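Please look through the structure shown below with an eye to two topics, charged side-chain pairs and the pairing of strands, which this report takes in turn.

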Amino acid sequence: MAESQGILLESGTNELEIVEFEVGSNKFGINVIKVKEIIQPIPVTFIPHAHPHVEGIIQLRGEVLPVVDMKKVLGLSGVFNEQQKYIVAEFNRQRVVFHVDNVTMIHRISWNQIEKPTDMYQGGGSQVIGVIKQDDLMLLLLDFEKIMVDINPDSGISVESVKKLGDRNRSEKKIVIAEDSPLLRKLLHDTMHEAGYMNIEFFENGKDALDYLLALADKENDVSKVVQLVVTDIEMPQMDGHHLTKQIKTHPVLSKLPVIIFSSLITDDLRHKGDQVGAEDQISKPEIAELILKIDQYIL
């Protein structure tokens with residue numbers, strides 16, 4: 001797969017391309033932006049005492065990469081079939097290989113076609129962050145960041161890095177945060193409070209955040225009296241962070257609000273997408289201390 005495929009989409013259209021893959025009899029999706037290439041399996045070197053989900057490591061063009069067994073991640077049994085593939089992915093400033101049964105096709109869809117799974121059928125510890133409905137087909141969009149944090153907790157957001165910033169009080173400043181992952185909302189809540197930011201309004205997708213801001217704009221000509229800054233993820237059901245940013249920056253009242261994109265998808269190849277929609281800054285997860293310092297810069 002060409003590395004440029006996910007980059008062809010214009011920024012802020014609220015669309016994405018999904019690579020459909022199979023594990024067992026189930027169909028799943030991964031954002032094509034995360035996918036560097038898809039290869040045939042190659043010999044794996046076993047690592048003693050590795051996490052149970054890690055098969056071992058491979059060497060790909062001189063780079064040593066971990067291989068994650070998606071059957072074990074998803075609690076499925078059995079051996080991989082003859083069509084098995086390796087999905088080489090990059091996000092959160094790391095590269096990793098996901099071992100799957102097959103890679104079938106690419107779908108171009110809108111974020112508003114992705115439904116947020118409910119706790120009733122997914123449970124609290126699920127890796128599913130969205131359900132994509134296409135005719136009689138359902139694809140499950142997986143939370144690959146959570147999969148990797150479960151394997152390596154040190155790769156997630158760390159409160160300790162924020163504690164090093166020292167005692168601070170920013171409680172009079174209000175920040176709107178759009179983030180679909182319950183785990184990351186909790187981590188962001190804890191770390192922002194540790195950094196002195198107590199007045200935070202969380203939304204689980206860009207649409208809900210935008211509706212809130214538009215309602216404010218209807219009442220206030222100067223929304224900065226109520227909200228000082230917006231932080232947004234990119235990948236969210238209903239409305240993604242690029243589209244949210246574009247809507248804010250093209251609105252006559254909201255456009256002055258600083259927007260920081262905080263996402264696992266901030267790479268040198270993809271930074272231009274955030275620039276195109278007018279974001280003030282873009283920080284890669286899990287660099288929470290860097291995010292706090294940027295928030296300080298834009299609202300103090």
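In this predicted model, a search of the whole structure finds 19 salt bridges. Three of them are set out in the table, with the distance between the closest nitrogen and oxygen atoms in each pair.

| Basic residue | Acidic residue | N to O distance |
|---|---|---|
| Lysine 27 | Glutamate 20 | 3.4 Å |
| Arginine 93 | Glutamate 287 | 3.6 Å |
| Lysine 174 | Glutamate 201 | 3.1 Å |

In the pair formed by lysine 27 and glutamate 20, lysine 27 counts as partly exposed, at 27% relative accessibility, whereas glutamate 20 has a relative accessible area of 2% and is therefore buried, the cut-off being under 20%. This pair also belongs to a wider arrangement, since Glu20, Glu22 and Lys27 are linked in a network of salt bridges.

Which parts of the chain does the salt bridge between arginine 93 and glutamate 287 tie together? Arginine 93 and glutamate 287 form a salt bridge with their closest N and O atoms 3.6 Å apart. Arginine 93 lies in the loop between strand E6 (85-91) and strand E7 (94-100), while glutamate 287 lies in the loop between strand E16 (281-284) and helix H9 (288-299), so the pair joins parts that are 194 residues apart in sequence. Arginine 93 is exposed, with a relative accessible area of 52%, and glutamate 287 counts as partly exposed at 29% relative accessibility.

The side chains of glutamate 201 and lysine 174 also meet in a salt bridge. Because glutamate 201 lies in strand E13 (residues 199-203) and lysine 174 in strand E12 (residues 174-178), this pair ties together parts that are 27 residues apart in sequence. Glutamate 201 counts as partly exposed, at 29% relative accessibility, whereas lysine 174 is buried, with a relative accessible area of 12%.

The second topic is the pairing of strands, with E11 as the example.

Strand E11 (residues 137-142) pairs with strand E2 (residues 26-31) in the parallel sense, over 2 bridges, and leucine 141 in E11 is the bridge partner of glycine 29. With strand E10 (residues 128-134), E11 pairs in the antiparallel sense, over 6 bridges, and here leucine 140 in E11 is the bridge partner of valine 131. E10 and E11 form a hairpin with 2 residues between the strands, and in this hairpin aspartate 135 takes a positive phi near 55 degrees.

Conventions:
Residues are numbered from 1 along each chain as its sequence is written. This is a predicted model: local features need pLDDT of at least 70, side-chain atom pairs count only at pLDDT 80 or more; totals for chains, interfaces and linings use all residues. Side-chain values use heavy atoms; hydrogens and water are left out. A salt bridge is a side-chain nitrogen of Lys or Arg within 4 Å of a carboxyl oxygen of Asp or Glu. Buried means under 20% relative accessible area, exposed over 50%, partly exposed in between (1.4 Å probe, protein chains only). Helices (H or I, at least four residues) and strands (E, at least two) are DSSP runs, numbered from the N terminus. Two strands pair if DSSP finds at least two bridges between them.
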